Amino acid sequence: MQYREISRPFVLLVLVFLLVCGGIASRTESAKNEQGAAAFASPSPTPKNREEVPQDSDEVVKVETNLTNIFFTAADKNKRFITNLKAEDIRVFEDGQPQEVFTFQQNIDTPLSIAILIDTSISEQFTLPVEKAAAQAFLENVMRPQKDEAAVISFTGDTTLEQGFTGSVERLRRAIERVEFVPPSGYIGGGVVVNGTPPISGTNQSLAGSTAVWDAIWATSEELLGTSAEHTRRAIILLTDGDDTSSRMKIHEAVERAQKADALIYAIGIGDRYQFNVNEGALRKIAEQTGGRAYFPQHERDLRDAFSQIQKDLREQYLVAYSPTNKARDGSYRKIEIQVVNPALKQQSLKLNYRSGYFAKTGATEPPTTRKRSGGDQ
């Protein structure tokens with residue numbers, strides 16, 4: 001009797017313990033099943049928003065956008081910049097069709113990616129020192145620490161990367177200092193090359209005595225600007241007389257490649273005018289079709305003024321963005337037109353400067369390559 005009275009409470013406790021443990025196990029198993037079902041139903045995690053990704057994360061966030069961005073400047077007949085335009089003052093057309101503008105900004109503080117292309121062929125022998133000094137002064141004035149970047153490229157018939165993109169003005173200065181005129185074998189001055197001792201490399205010698213402007217623009221747009229920072233305003237500053245003698249690419253191919261890289265070309269037509277001609281027509285064409293400008297300085301002061309104007313041009317642009325009504329991704333060329341519709345502004349005969357069009361999709365073509373000069377700064 002005493003044994004039964006003791007064991008009954010004990011049995012009850014055991015039963016309660018078993019029931020509790022069974023409930024916990026059941027809930028645990030249920031949770032596991034729910035997690036398994038969720039994992040099966042959702043094999044891919046929800047993509048993170050940009051603000052949810054930690055600053056030190058290695059995860060790359062790609063944002064798709066269908067907006068077309070166009071930079072433009074506005075100047076009056078006295079070449080003074082107009083800085084008070086509003087979105088309602090203009091209308092944008094693509095292939096003749098009006099477009100709805102989503103973004104209109106003025107004097108935006110966009111970072112710059114600038115490529116300085118310096119012709120070192122025979123025609124630049126005597127003007128090269130002045131060009132180098134002006135280019136150095138330009139970079140010292142335009143570069144902003146931790147924001148802008150630039151690269152230096154020299155070319156004859158070959159293209160040489162003197163300094164890749166960097167924000168260091170000192171590295172850029174040293175790279176420009178290294179640029180020099182190297183006369184081809186048999187060169188006796190005055191643009192005259194005579195046959196003498198056979199060169200070590202006939203191919204290299206032929207390139208050294210020629211000028212490939214369009215190849216240099218192509219290679220810079222394809223290989224260099226494609227590696228520049230995203231969301232920057234890209235520009236090529238081209239110092240040359242425009243007399244192309246050996247390019248494999250045609251001028252229109254160079255322009256197309258620059259357009260696909262969203263690069264403005266500012267051409268400075270300069271060289272030994274006493275013995276060589278400056279191809280103003282070609283330089284104007286590549287500048288205007290990419291949204292840049294062409295300058296033809298006669299004196300050192302004109303050259304420095306040209307660089308000053310380019311600096312102002314890059315800083316005082318408008319940005320207009322729109323989603324094209326033509327959604328086809330067919331790689332076709334789309335022609336752009338921006339019209340001033342404000343009657344009061346139309347009377348001022350404003351000159352709008354912008355690229356003439358863009359390509360909806362890039363193509364795959366093997367470009368001329370750049371070679372990196374050994375011993376240059378990294």
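1. Start with strand 11 (residues 263-269), which is mostly covered: 7 of its 7 residues are buried. Bear in mind as you look around that this is a predicted model. On strand 11, Ala263, Ile265, Ala267 and Gly269 point one way, while Leu264, Tyr266 and Ile268 point the other way, and all are buried.

2. Now for the neighbours of that strand. Strand 10 (residues 233-240) runs parallel to strand 11, and 7 bridges join the two. If you want a spot to find the pairing by eye, look for Thr240, which stands opposite Gly269 in strand 11. Between the two strands the chain passes through helix 6 (residues 251-260), making a β-α-β crossover that is right-handed. Strand 11 also pairs with strand 12, again in the parallel sense, over 2 bridges. Here the residues to look for are Ile268 and, opposite it in strand 12, Tyr295.

3. Next, helix 5 (residues 213-224). What is the distance between its end C-alpha atoms, and does that agree with or depart from the expected span? At 1.5 Å a residue, the 12 residues of helix 5 should span 16 Å, and the end C-alpha atoms are indeed 16 Å apart, so the two agree. Helix 5 is also largely enclosed by the rest of the structure, because 10 of its 12 residues are buried. Among the buried ones are Trp214, Asp215, Trp218 and Leu224.

4. On to charges. Side chains of opposite charge can pair when their charged atoms come close. How many salt bridges does the structure hold? There are 12. One of them joins the side chains of Asp148 and Arg315, at 3.2 Å from N to O. This pair links distant parts of the chain, 167 residues apart: Asp148 sits in the loop between helix 2 (128-142) and strand 6 (149-155), and Arg315 is in helix 8 (residues 300-315). Asp148 has a relative accessible area of 4%, so it is buried. Arg315 comes out at 22% relative accessibility and therefore counts as partly exposed, since buried means under 20%.

5. Helix 8 takes part in another long-range link. The side chains of Arg293 and Asp313 meet in a salt bridge, 3.5 Å from N to O. Arg293 belongs to the loop between helix 7 (280-290) and strand 12 (294-295), whereas Asp313 is in helix 8, 20 residues apart from it. Are these two buried or exposed? Both Arg293 and Asp313 are buried.

6. Compare that with a pair inside helix 8. Glu300 forms a salt bridge with Arg304, and their closest N and O atoms are 3.7 Å apart. Glu300 and Arg304 both lie in helix 8, 4 residues apart, which is about one turn of the helix. Glu300 is partly exposed, with a relative accessible area of 45%, and Arg304 is partly exposed too, at 36%. Elsewhere, Glu170, Arg173, Arg174 and Glu177 are linked in a network of salt bridges.

7. Last, have a look at the second largest pocket, with a volume of about 610 Å³. Its lining is made of 16 residues, and Glu288, Gly292, Arg293, Lys351 and Asn353 lie nearest the centre. You'll recognise Arg293 as the partner of Asp313 in a salt bridge. Which element gives the most to this lining? That is strand 15, with 4 residues. Helix 7, strand 12 and strand 15 (351-354) each supply at least two residues.

Notes. Residues are numbered from 1 along each chain as its sequence is written. This is a predicted model: local features need pLDDT of at least 70, side-chain atom pairs count only at pLDDT 80 or more; totals for chains, interfaces and linings use all residues. Side-chain values use heavy atoms; hydrogens and water are left out. A salt bridge is a side-chain nitrogen of Lys or Arg within 4 Å of a carboxyl oxygen of Asp or Glu. Buried means under 20% relative accessible area, exposed over 50%, partly exposed in between (1.4 Å probe, protein chains only). Two strands pair if DSSP finds at least two bridges between them. A crossover is right-handed if, with the strands pointing away from the viewer, the path from the first strand over the helix to the second runs clockwise. The expected span of a helix is 1.5 Å times one less than its number of residues. On a 1 Å grid over the protein atoms alone, a cavity is a set of points where a 1.4 Å probe fits but cannot get out, and a pocket is an open set with protein on both sides within 12 Å along at least five of seven lines; lining residues have an atom within 4 Å of a point. Grid points are joined across faces, edges and corners, and a volume is the space filled by probe spheres set on the points.
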